[in-house]
Amino acid sequence: MLLSVGAFSLGAFVLSVVFIPLIIKFCKMYSLYDTVNARKIHSGNIPRLGGVAIAIAFIIAAVACFLTNEKFSMGNSWPILVSGMIIFIFGIIDDIVELKAIVKLLVQIVASAIIVVNDFYFHRIFALELPWFVGMPLTFCWIIGIINAYNLIDGLDGLCGTLVVSVLVSLGVVFFGNTPDAVVVCFVLTGAVLGFLVYNLPIPNAKIFMGDGGSQFLGFMLATIPLYTSTDNFEYNKLLMMIVLVSFPLFDTIAAIWRRIRDHRPIMSPDKLHLHHKLLNLGFDKRQALIIVCIIQGLICLTVIFSTYLPKHKATVLLFIAILFMTGFFTIIHYTNRAVLRKIAQDNAARNSGVVPDYYKETSENSSETTSK
């Protein structure tokens, strides 16, 4: 199984790498560039249809893997594959003509409905078995929330793609030996995303973005892949494990919603107060910000994998500790960024009024003392 999955994952990587230059050329031909708004940090014309390469490379390699190996069955995976393509197609349309928010929400609801009616939903939380009228609505909210969380986090070169890869690999490891169909989806999709990242990492700048078609498709896949049934340990802590794995986009989205409600702004209005913006405000460049996020994401992924080898209750405690850690990280970044912004605002106000801030006076006085000495 490992060789087969590895071969098709490599195939997805190669297809994605080959498709991207063609898509870049197509985007330049028809001026399909990423829009610049209050949430974006890039300038210039950057092609935005990278999600096309990811989705097409994935679906070709995944279907081929399912059809050529008797150990795998596409019958268990077709709801996820079909629904994922629906999200992808409408995401690409949104990249080109910009659909209304209500249309995008309706598409997400339809795709989620296909998933839950085919028995892909949360059946339990810890030891509590969930009736369908609880599990299904919970899963609806989960899928739609994660789709939009990954759409919002896609604002820094390489960020969304690397976060997705880390979660896919973690889930692939967790499912390995227990749920072979999920393993195929995880690692083949990983190959497709890695092919895209060849052109999306900040070295020095991304050559293409995945666009809404890519980020919404990947968010949908990460929301639905864990709905495969696996070991009892995984089922017991499934929701908690996923909250930890997707904590970066999830916490960032919760903070954004709270911020906009507090400021009496539309929930979907863009701003420059997402996590990656705050890291840039603190003086890190794009690569440094990406490295910081990747290191922390790697640690929480290892925590989740390790938790699957622990007794259920010990795993629960460890996962809650991981959530507290991420809450602390976001809190520290938030307050540090706020202090930096206040200092900048005070400096600008002082310059405009002709008043020199006290710490500039102190610096000047110290400099004069040093010179006189």
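These legends describe an overview and several close-up views of one predicted model.

The model is predicted, so local features need pLDDT of at least 70, side-chain atom pairs count only at pLDDT 80 or more, and totals for chains, interfaces and linings use all residues. Residues are numbered from 1 along each chain as its sequence is written, and side-chain values use heavy atoms, with hydrogens and water left out.

**Figure 1. Overview of the chain, with 14 helices and two strands.** Helices (H or I, at least four residues) and strands (E, at least two) are DSSP runs, numbered from the N terminus. The radius of gyration is 23 Å, close to the 21 Å that the globule rule gives for 373 residues, so the chain is as compact as a globular protein of that length. This radius is taken over C-alpha atoms, and the globule rule is 2.2 Å times the number of residues to the power 0.38. Along the principal axes, the C-alpha atoms fill a box of roughly 85 × 55 × 40 Å. Of the 373 residues, 51% count as buried. Buried means under 20% relative accessible area, exposed over 50%, and partly exposed in between (1.4 Å probe, protein chains only).

**Figure 2. Contacts, surface and charge of the whole chain.** Among contacts with a separation of 6 or more, 74% come from residues 24 or more positions apart. A contact means heavy atoms within 4.5 Å. The accessible surface comes to about 17,300 Å², and 69% of that belongs to carbon and sulfur atoms. Areas come from the Shrake-Rupley method with a 1.4 Å probe; for residues, only the protein chains shown count as cover. There are 27 positive and 22 negative side chains, and the centres of the two sets lie 3 Å apart. Lys and Arg count as positive and Asp and Glu as negative; His and the chain ends are not counted. Each charge is placed at NZ of Lys, CZ of Arg, CG of Asp or CD of Glu.

**Figure 3. Close-up of R260 in helix α10 (residues 247-262).** R260 counts as buried, at 1% relative accessibility. The R260 side chain reaches the backbone oxygen of I267 at 2.7 Å. Leaving out residues up to four places away in sequence, R260 touches R265, P266, I267, M268, S269, P270, D271 and H274.

**Figure 4. Close-up of the cis peptide bond between I203 and P204.** Omega is about -10 degrees. P204 sits in the loop between α7 (180-200) and α8 (211-224). Most peptide bonds are trans.

**Figure 5. Close-up of two residues with positive phi, D119 and F126.** Most residues other than glycine have a negative phi. D119 has phi near 70 degrees. D119 lies in the loop between α4 (101-117) and β1 (124-125), and is partly exposed at 46% relative accessible area. F126 has phi of about 55 degrees. F126 is in the loop between β1 and β2 (128-129), and is partly exposed at 27%.

**Figure 6. Close-up of I321 in helix α13 (residues 312-353).** I321 is partly exposed, with a relative accessible area of 47%. I321 and V244 are 77 residues apart along the chain, and their C-alpha atoms are separated by 9.8 Å.

**Figure 7. Close-up of P137 in helix α5 (residues 132-153).** P137 counts as partly exposed, at 40% relative accessibility. P137 and V116 are 21 residues apart in sequence and 8.9 Å apart in space, C-alpha to C-alpha.

Conventions: A polar contact is a pair of N or O atoms within 3.5 Å; within protein, one must be able to donate a hydrogen and the other to accept it, and residues adjacent in sequence count only if both atoms are side-chain atoms.
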